[in-house]
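Trainee: I would like to understand how the descriptive words used for a structure follow from computed values. Could you take me through some of the reasoning?

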Amino acid sequence: MPAVQETIDRVRKIDVDQYKYGFQTEIEMDKAPKGLSEDIIRFISAKKDEPDWMLEWRLGAYRRWLTLEEPTWARVHYPKIDFQDIYYYAAPKSTPGPKSLSEVDPELLKVYEKLGIPLKEQEILAGVQKPAVADEEAEIGDNVYKSGRVAVDAVFDSVSVVTTFKEELAKAGVIFCSISEAIREHPELVKKYLGSVVPTSDNFYATLNSAVFTDGSFVFVPKGVRCPMELSTYFRINEKNTGQFERTLIIAEEGAYVSYLEGCTAPQRDENQLHAAVVELIALDDAEIKYSTVQNWYPGDAEGKGGIYNFVTKRGDCRGDRSKISWTQVETGSAITWKYPSCILRGDDSSGEFYSIAVSNGYQQVDSGTKMIHLGKNTSSRIISKGIAAGFSQNTYRGQVSAHRKATNARNFTNCDSLLIGDQCGAHTVPYMEAKNATAKFEHEATTSKISEDQKFYVMQRGIPEEEAIALIVNGFVKDVIQQLPMEFAVEAQKLIGISLEGSVG
Amino acid sequence: MNMHAQPQRTLAETALIDAFGERLSLLPGDGAVMVKRDDAIEAIKHGLPTRRVESWHYTDLRRLLTSVPAFEVGAVVKALAPVLEGSAVLPVLNGVSQTKLPEVEGVTVQRLSEKLTDGSVAPGLDPYGDDDAIGALNTAFVADGYFVDIADGAELEKPVELQNLQAGGQSHVRLLARVGAGAKAIIVERQTGEGDETLVSSVSQLVVGDGAEVTWLIVQEQPDTATHLAQFKAHIGKDAKLTLFVMNAGGRLVRQEVVVRTTGEGADFKLRGINLLAGDTHTDTTMVLDHAVPHTTSTEVIRNVVTGKARGVFQGRINVHQYAQKTNAKMACNTLLLSDDGEFSTKPELEIFADDVVCGHGATVTEIDHNHLFYLMARGIDEKSARGLLVKAFVAEVIEELDDEALVEALEERLDGWFSTHG
């Protein structure tokens, strides 16, 4: 496994509390005053040239939010968030609609370069490969997308700045744009689907998001179309104290297929930052959506100071018969993760999948898992979760599988394994299984252990140093999930895991 | 008990609070005990737990406990023949312990009412957490029961059977047992009754001394008019072994909590459970197991059969404390859901703070394997009998694991009894 050697090399190069993506870019920001009120929501809506119905929708959510209480059931602890001490809108100073990369603010491009967003890929694909590109990519290392075609909708704080591949996608009939643009250009689609999976009243953070979301991605794949390339968004939190409220909406019509990648990095900060995104997926008859995430936000420093609060609501609705939604996530960052990508298996014969790797180190707290709600007939779901806890971190898997009264032949398989590295961390498993139908077949298994001495001995006996041996074993432990990632992400994910665990061994 | 202030008291809550006022003067206890009772009723005044309280997520006691029967003083009930032949029977009849008791060598029995009056059991009356509604209810109202002390090194020749029998009305009983170092004992806790509406709360507390071996059987066969709220709490000492067998085969609203803590290295805990659910009933088995010291082991196997409109719940949480290295804990919960109107919810939890451990759990919900059914039917067995055989085999597996022949036979008899009325 050559990747392992690379991982080790990379781990060596980096100190434990040195966050690789902890740079900060000085770009002028255009932002609303701190705090949340109806006026701020009107401001955001006006900034985005939104139609009245959208403003009403936001205000409705805001009024609802005022009546809600922050959830406390998750196994995470953090100081109370002052929602009036957050900027709800920040946009990079607008350059008038860049038509090509050369028109984009060079500062931004540098940021992307540091992040390794392959905007250059456009040129590679067009055959305009500059000799410099290869070098740059070698430097970027982590995020190289050497093969495959990836369309990037880069999100810089709150506004989508660059959207590539638009034309080619348009040719296939695929709409891939920022959600703000979709609200303006495709209001009928947005009106029909927005909030239909995660309603504005869903939960505290989703409701907040509905009120103040600033941007995000919109994907619409029409009937029978197989999206010609992988779609990708990079989220990046930049301006100090800016909560990010992304809203993503992906619709795959009958027989359509789309694979979507989401990768995240954020610069180093002292103050905690709030991120409350909502992602809604809708798959109609025979459609398939594959959603992959690599999350690598700032986890806080070695003392547990700072770091991102990641309170995300992700839900997919298998609305059509024989539809399929697959979530794959690699969670290595954030101080606190509160995230349960779920599938509602409404259509007959629909299926849902959840593959997850959650690595926590330092003082990170992860409470993540999934929900598989079986409503249709002959639905199936599969959950593979791998948690790795090191340092002083707490890593919780929380998942729910339920079969409705009428969900005949519902089938679920769940496997969640936890690995503990060090005696100061915790690994917890909280699965909920609810069967209301005699034909349901649910299986759940979970294990928790440390790396077995035998395994380690076996590897070290062959002359491999301890740290390397552990990386090798961990890579084997998460293999089932890594295999589900698109190839480009798999490479990145493996490296991320290695970096995240640095310093935990010894 | 409940973090959320309740807007209005339910009928059941009001009835409990009123009953406390009426019964207070009749309840035994010294000053310390009475203080505990007051604290407990305060907790109930804050409201019975709802599904918002995580440990009561599947048993919303506030909603499910619709009425509380009055205390029935005059009802008569007689002690039953023991589950295991030859056992020494200690009956609690309608909440009252008896004076004429069989003598068993090495065993000292005291009535709990006396221990409450002299205050010696006061320290053990505290609920084990904010969400311990059963503990609070019992502490507020407990009037009697037994304290069974088994001397160090005693090896009991015959089992002891604690019978809690109730014929309608309310009763709140506590059964305490201390098994001395190196002693060996089989103890049966029998929970049953007859008659109209019944509300029973029963708390068992067991201390297993170092090196002792205890098998504790809970046989719950309440009538389907009964609300049965029970708790079994145990501490297991160094190199001691506790095998707990729980059979739930009755009751309308049942919650059996099992709260176990390993307190000495080398302690071993086994939980084997059978839930036979029928009719329009609700049965909840909730276990909290604390591995508090290094080098302890546990295995739990729960088998459930759900028929009719029954709702079943199993929650099992294994906590491994930070210094409890080398813990080995395994839990399995398997359910046969045989009816489309029935339901079963499982929440097996692992909470682990030590790294050098091996912990695992498995849970399944399914119906009868069609291949197995086919196999039997191909041999000329009709479908109903074939199903019966398979279901029985499914639960009997847990019983057969017990290595005591008399125990296995007695439990299989109870199993046959249930299948003959519900098969």
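**From values to words**

Trainee: What makes B:S420 count as exposed?

Mentor: This is a predicted model, and in it B:S420 has 8 other C-beta atoms within 10 Å. A residue is called exposed if that count is 12 or fewer, so B:S420 is exposed. The residue lies in helix α8 of chain B, which covers residues 405-422, and its C-alpha atom is separated by 22 Å from that of B:E85, 335 residues apart along the chain.

Trainee: Why are α6(B) and α7(B) called oblique to each other?

Mentor: Helix α6 (residues 370-377) and helix α7 (residues 383-400) of chain B pack at an angle of about 125 degrees, their axes being 9 Å apart. Roughly perpendicular covers 65 to 115 degrees and roughly antiparallel begins over 145, so the two helices are oblique.

Trainee: Which residues of α6(B) and α7(B) make the contact?

Mentor: On α6(B) they are B:H372, B:L373, B:L376 and B:M377, and on α7(B) they are B:E383, B:A386, B:R387, B:L389 and B:L390. Sorted by class, this contact has six nonpolar, one polar and two charged residues.

Trainee: How do you know that chain B is as compact as a globular protein of that length?

Mentor: Chain B, with its eight helices and 17 strands, has a radius of gyration of 21 Å, and the globule rule gives 22 Å for 423 residues; the two values are close, so chain B is as compact as a globular protein of that length. Buried residues make up 52% of the 423 residues in chain B.

How values were computed: Residues numbered from 1 in each chain as written. Chains lettered and ligands numbered in written order. Predicted model: local features only at pLDDT ≥ 70, side-chain atom pairs only at ≥ 80, totals over all residues. Axes fitted to C-alpha atoms, helices over the stretch in contact; angles between N-to-C directions. Helix = DSSP H or I, 4+ residues; strand = E, 2+ residues; numbered from the N terminus. Parallel < 35°, antiparallel > 145°, perpendicular 65-115°, else oblique. Contact = placed C-beta atoms within 7 Å. Nonpolar A, V, L, I, M, F, W, Y, C, P; charged D, E, K, R; others polar. Buried ≥ 20, exposed ≤ 12 C-beta atoms within 10 Å, placed from the backbone. Rg over C-alpha atoms; globule rule 2.2 N^0.38 Å.
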